[in-house]
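Here is a small set of exercises to work through at your own pace. Keep the viewer open and try each task before you read its solution.

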Amino acid sequence: MTRSHPLYHITTFGCQMNKADSERMAGILEDMGYAWSEDPNEADLILYNTCTIRDNAEQKVYSYLGRQAKRKQENPDLTLIVAGCVAQQEGEKLLRRVPELDLVMGPQHANRLQDLLQEVYNGAQVVATEPVHIMEDITKPRRDSSITAWVNVIYGCNERCTYCVVPGVRGVEQSRTPEAIRAEIESLGQQGYKEITLLGQNIDAYGRDLPGVTETGRHLHTLTDLLYYVADVPGIERIRFATSHPRYFTERLIKACLEIPQVCEHFHIPFQSGDNELLKAMKRGYTHERYRQIIDKVREYMPDASISADAIVGFPGETEAQFENTLKLVDDIGFDSLNTAAYSPRPGTPAALWDNQISEFEKNDRLQRLNHLVSIKAAERSGRYLGRYEEILVEEQNPKNPGQVMGRTRGNRLTFFDGDINELRGQLVKVKISEVRPFSLTGIK
Ligand code: SAH
Ligand code: SF4
Ligand code: F3S
């Protein structure tokens, strides 16, 4: 069948960085004349943007790929691409495992998709995983939302947490210039976007690779400076940022968040473990006391701030008592939400080679116990909203109830209320919270 436009489909796994990369790659494909296909089985080009943070994330990719590789045997014109973190980790090995692949490209190469595809059309099977300087992308991303948008500010990560593949697959830190970031946000404001989330694996590291220091030796470009620099972009009502690293989190940043009305009172600061020995083995570079001080400081300035985090259970050597220190931290702090994961040994990371691994049974048991506590605490945190007026930025229709719209509070709680999406999309609406659940709210306009 010949169509006026060839069709493409992208499936995205993993974190917000991958989502942002997928939106840029979709923009490039549409610029090249491709049109979106919801159904991968109709597409002429399929791109899997992959994640390898845990083993189950990686395995999911292989099962999807297997199906499309089979389709390609019947339809040799199908273009099959693996991008993202599995591509970076496996490189050439992926071609041996799935010889039907046309292109294997690491995350640093996302903006080069058009050039790489040209090589594919010229008949080559291409692997692009060498470290590169990430070029500014001139194509307009095809964004999933018309209200909220991701904006990358720093790529890569220079930390060496002993469990983590990210530095290996995303490479060294590369900050975008404040000017390029502001230009992107200005364009978003002009297109009607209302909320942006600045993205980096360790966003507090923003700017330390850019030239320039102040008289006191501080880097000229820090996340705090960036927030002040982009705060007044016309049309942008809300600014968020993620992910914060406890080691680099500063009081200056908290003050900026308080001072800049657009910056939302929500902080995502992963702690990973509540036990000092484990934190040391993870090479996180802080203690649980230090982490608690940071949260105290945030709450001193903004008593109502939402706090979320990530935690790992079953890290090698974790004893029951050490796990209980994590439970204790979660109980004491009362997170609004917490992403929890059972430790998964990853190729190329130090902790994967240690001989004190915890059994799958124990890991799952701890994960369930932690998740149970997390939802109790989240329910408590939701409780404080009951009867209060909250500002909701309306994003979408409630998929389960077309008579309702949904959006988020400034603290990032998902909230539903009765209303017409065509009328309310993109509006900031004050609603009175009438029902609370651990991870969502219902309000009345
Ligand atoms: N840069 C962020 C998080 C990056 S990865 C930070 O420093 O916190 C997202 C989350 O995945 C991590 O916070 C961690 O909780 C989890 N994670 C990373 N590696 C993992 C592994 N090997 N096993 C289980 N969870 C892992
Ligand atoms: Fe991974 Fe640590 Fe970097 Fe986060 S800071 S991405 S956990 S190495
Ligand atoms: Fe996964 Fe890569 Fe993000 S490993 S979590 S997609 S940085």
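The exercises below concern a predicted model, and each is followed by a worked solution.

**Exercise 1. The shell around ligand 1**

Task: Find how many residues surround ligand 1 and which are the closest, then list the polar atom pairs that ligand 1 makes with Tyr163, Gln201 and Asp310.

Solution:
- Start with the neighbours. Ligand 1 has 15 residues around it, and Tyr163, Gln201, Gln272, Asp310 and Ser344 are the closest.
- Next, sort the shell by class: 7 residues are nonpolar, 4 are polar and 4 are charged.
- Look for secondary structure. The strands β13 (306-313) and β14 (337-342) each contribute at least two residues to the shell around ligand 1.
- Now take the backbone pairs. A polar backbone atom of tyrosine 163 is 3.0 Å from a nitrogen atom of ligand 1, and a polar backbone atom of glutamine 201 is 2.6 Å from a nitrogen atom of ligand 1.
- Then turn to a side chain. In aspartate 310, a polar side-chain atom lies 2.6 Å from an oxygen atom of ligand 1.
- Finish with the surface. Ligand 1 taken alone exposes 540 Å², of which the protein buries 89%.

**Exercise 2. The shell around ligand 3**

Task: Name the residues that surround ligand 3 and work out which domains supply them.

Solution:
- List the residues: Cys15, Asn18, Thr50, Cys51, Thr52, Ile53, Cys85, Val166, Arg170 and Gln201 surround ligand 3.
- Classify them. The shell around ligand 3 has 5 nonpolar, 4 polar and 1 charged residues.
- Assign the domains. Domain 1 (7-128) and domain 2 (148-383) each provide at least three residues of this shell.
- Compare the lists. Gln201 belongs to the shell around ligand 3 and is also among the closest residues to ligand 1.

**Exercise 3. Two residues to classify**

Task: Decide whether histidine 266 is buried or exposed, do likewise for isoleucine 203, and describe what each contacts.

Solution:
- Locate histidine 266 in strand β12 (residues 266-268).
- Apply the cut-off. Histidine 266 counts as buried because its relative accessibility is 15%, and buried means under 20%.
- Check its partners. The side chains of histidine 266 and serine 308 are joined by a polar contact of 2.9 Å. Beyond its neighbours within four places in sequence, histidine 266 is in contact with residues including Arg240, Arg410 and Asn412.
- Move to isoleucine 203, in the loop between β10 (195-199) and α8 (223-230). Its relative accessibility is 0%, so isoleucine 203 counts as buried.
- Trace its contacts. Outside its neighbours within four places in sequence, isoleucine 203 is in contact with Val153, Ile154, Leu198, Leu223, Phe241, Ala242, Thr243 and Ser244.

**Exercise 4. Backbone details**

Task: Identify the residues joined by a cis peptide bond, then find whether glutamine 272 is buried or exposed and whether lysine 283 is buried or exposed.

Solution:
- Begin with the peptide bond. Alanine 242 and threonine 243 are joined by a cis peptide bond with omega of about 5°; threonine 243 sits in the loop between β11 (238-242) and α9 (251-259).
- Examine glutamine 272, in the loop between β12 and α10 (276-281). Its phi is positive, near 70°, in a residue other than glycine. Glutamine 272 counts as buried because its relative accessibility is 7%.
- Finally, consider lysine 283, in the loop between α10 and α11 (288-301). Lysine 283 is not a glycine, yet has a positive phi of about 60°. At 53% relative accessibility, lysine 283 counts as exposed.

Definitions and conventions
Residues are numbered from 1 along each chain as its sequence is written. Chains are lettered from A and ligands numbered from 1 in the order in which they are written. This is a predicted model: local features need pLDDT of at least 70, side-chain atom pairs count only at pLDDT 80 or more; totals for chains, interfaces and linings use all residues. Side-chain values use heavy atoms; hydrogens and water are left out. A residue is near a molecule or strand if one of its heavy atoms lies within 4 Å of it. A polar contact is a pair of N or O atoms within 3.5 Å; within protein, one must be able to donate a hydrogen and the other to accept it, and residues adjacent in sequence count only if both atoms are side-chain atoms. Accessible areas come from the Shrake-Rupley method with a 1.4 Å probe; for residues, only the protein chains shown count as cover. Helices (H or I, at least four residues) and strands (E, at least two) are DSSP runs, numbered from the N terminus. Ala, Val, Leu, Ile, Met, Phe, Trp, Tyr, Cys and Pro count as nonpolar, Asp, Glu, Lys and Arg as charged, and the others, Gly among them, as polar. Buried means under 20% relative accessible area, exposed over 50%, partly exposed in between (1.4 Å probe, protein chains only). Contact means heavy atoms within 4.5 Å. Domain bounds come from an automatic or database domain assignment.
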